[in-house]
Amino acid sequence: MPPDDDEAEDQQQPQPKGAHALEGLVVGSYCHDVLLRGGRVVGETLGGAAAFVSNVLDAASPPEAAFCVVSKVGVDFAYASAPAPARRPALLCPARPTTSFHARFSDAAASAHAPDRQLRRVHACDPIYPDDLPDRPFAYGLAVGVAGEVLPETLERMIRLCRAVLVDAQALIRAFDAEDGGVRHVALEGTPYARLLQRVAFLKASSEEAPYVGVETARRRCCVIVTEGRDGCRLYWDGGEARVAPFPAVQVDPTGAGDSYLAGFAAGLLWGLSATDAALLGNFFGAAAVSQVGVPTFHPKMLQAVKRILEDKAIPRSSPCINGAFFTFQRSIMHDELHASLEEAARLMHDQPPPATENGDGIHSAQEPTSGC
């Protein structure tokens, strides 16, 4: 569906003089994630989609790209002073605790990626309001809430500020039990976000979330990406679709896989790849994320190899920008070659263990968070 004049104006805002041509806006709060098995804690890590997204964007974006993070935490935030690739402090909410999730696994589960994981929101920080966003245009935006913190009016403000907005469906369709904080999904069409979908460039959902998104309806408004774990992902747009192959992964914890996917996908677009080719980079970083608990530490040799691949395959642009009017969806003639090259780089992922500690359950606790705007 073509945008009306106001919507077209929203997506074509000029960059101010001196602004970064590829500056992005990431909106979503950091969290405390607690993993439990058999009634006891087996891991505590930095969580929140913004942390995983920041980690991948720092690692995989073109050198001319930059981004800002808008996140909120309480005074109890445990990861403010830990070392990180880029320090982006969150907005502090003195009267509220940091958002916290408990992920509970059964005793029978062999590892943290058991399908019977139960997720509860234990604490919730303040939502992110439209006035919390910087008042300047951005090349792209990522709406990556996990606890209902990205309000409909905040997403609308992002659309006005950013040339193209990519959204994680969990920011739109998660609901929380009033008594125990249990996470469930609601139909997107019944939410205030539905009317904004035609002004969004990409909507990413997991295969479990896809039925609540309504792919056939949503694809007429924007490009819908459905991640399918070990089966890769599928892209659906008005008039076409594509399947994108996965990369092998040793899964320890699925937390952050979808967030890392979305950031890798966005990085691919920033390098000038088509949407289907960029989805390969999304699959690559989604697979890399599940091999560790918490925000992963990527092997430097792997990142160097990925950068060389992207520098070789990227499409040079005289005025590089990420703009919904110019996306190419179909796979390019180099798609299979790009997959093969990234598969080689993935082998470097396991050359050395990540710098993390291991407890008696074989769970690694992340040591390195990434912080806000």
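How many salt bridges does a search of the whole structure find? The count is 13, and a few of them come up again below. Keep in mind that this is a predicted model.

1. **Overall make-up.** The protein chain has 373 residues, and 57% of them count as buried. Its secondary structure comes to ten helices and 18 strands. If you look at contacts with a separation of 6 or more, 71% of them are between residues 24 or more positions apart. The accessible surface is about 15500 Å², with 50% of that belonging to carbon and sulfur atoms.

2. **The eight-stranded sheet.** I'd start the tour with the open sheet, whose strand order is β4-β1-β9-β10-β13-β14-β15-β16. The pairing in this sheet is mixed. Strands β4 (65-70) and β16 (240-244) sit at the edges, each pairing on one side only. On average, neighbouring strands here are turned by 15° against each other, direction ignored.

3. **Strand β1 and its two partners.** In the strand order, β1 has β4 on one side and β9 on the other. With β4 the pairing is parallel and runs over six bridges; Glu-23 stands opposite Ala-66 there. With β9 the strands also run parallel, joined by four bridges, and Val-26 has Leu-142 of β9 as its bridge partner.

4. **How covered is β1?** Six of the six residues of β1 are buried, so the strand is largely enclosed by the rest of the structure. Both faces are covered. One side carries Leu-22, Gly-24 and Val-26, and the other carries Glu-23, Leu-25 and Val-27. Note that a Glu is among these buried residues; point 5 picks that residue up.

5. **The Glu-23 salt bridge.** What does Glu-23 pair with in a salt bridge? The partner is Arg-136, and the closest N and O atoms are 2.7 Å apart. This pair links distant parts of the chain, since Glu-23 is in strand β1 (residues 22-27) while Arg-136 is in the loop between β8 (118-123) and β9 (138-143), 113 residues apart. The two ends differ in cover: Glu-23 is buried, because its relative accessible area is 10% and the cut-off is under 20%. Arg-136, at 32% relative accessibility, counts as partly exposed.

6. **The other edge of the sheet.** Over at β16, the pairing with strand β15 (residues 233-237) is antiparallel, over five bridges. Here Arg-234 stands opposite Arg-243 in β16, so if you're setting up charges, this is a pair of Arg residues to find in the viewer.

7. **Helix α2.** This helix (residues 49-60) lies across β1, β4 and β9, running at about 170° to β4. Its twelve residues reach 16 Å from first C-alpha to last, close to the 16 Å expected at 1.5 Å a residue. The helix is mostly covered, with eleven of its twelve residues buried. Among them are Ala-49, Ala-50, Phe-52, Val-53, Val-56 and Leu-57, along with Ser-54 and Asn-55.

8. **Helix α7.** Which strands does α7 lie across? The list is β1, β4, β9, β10 (162-168), β13, β14 (223-227) and β15, and the helix runs at about 155° to β10. Helix α7 (residues 257-270) has 14 residues and reaches 20 Å from its first C-alpha to its last, close to the 20 Å expected at 1.5 Å a residue. It is mostly covered as well: 13 of its 14 residues are buried. Gly-272 follows α7 and has a positive phi, near 95°.

9. **Two more salt bridges.** Glu-216 forms one with Arg-219, with the closest N and O atoms 3.1 Å apart. Glu-216 is partly exposed at 48% relative accessible area, whereas Arg-219 is buried at 11%. Elsewhere, salt bridges that share partners join Glu-156, Arg-195 and Arg-199 into one network. Within it, the side chains of Arg-195 and Glu-156 meet at 3.0 Å, N to O. Arg-195 lies in the loop between β12 (183-185) and β13 (202-206), and Glu-156 in helix α3 (residues 152-161), so this pair ties together parts that are 39 residues apart in sequence.

Note on methods:
Residues numbered from 1 in each chain as written. Predicted model: local features only at pLDDT ≥ 70, side-chain atom pairs only at ≥ 80, totals over all residues. Heavy atoms only, no water. Helix = DSSP H or I, 4+ residues; strand = E, 2+ residues; numbered from the N terminus. Buried < 20%, exposed > 50% of the residue type's maximum accessible area, 1.4 Å probe, protein only. Contact = heavy atoms within 4.5 Å. Areas by Shrake-Rupley, 256 points an atom, 1.4 Å probe, with all protein chains shown as cover. Expected span 1.5 Å × (residues − 1). Salt bridge = Lys/Arg side-chain N within 4 Å of Asp/Glu carboxyl O. Pairing = 2+ DSSP bridges. Axes fitted to C-alpha atoms, helices over the stretch in contact; angles between N-to-C directions.
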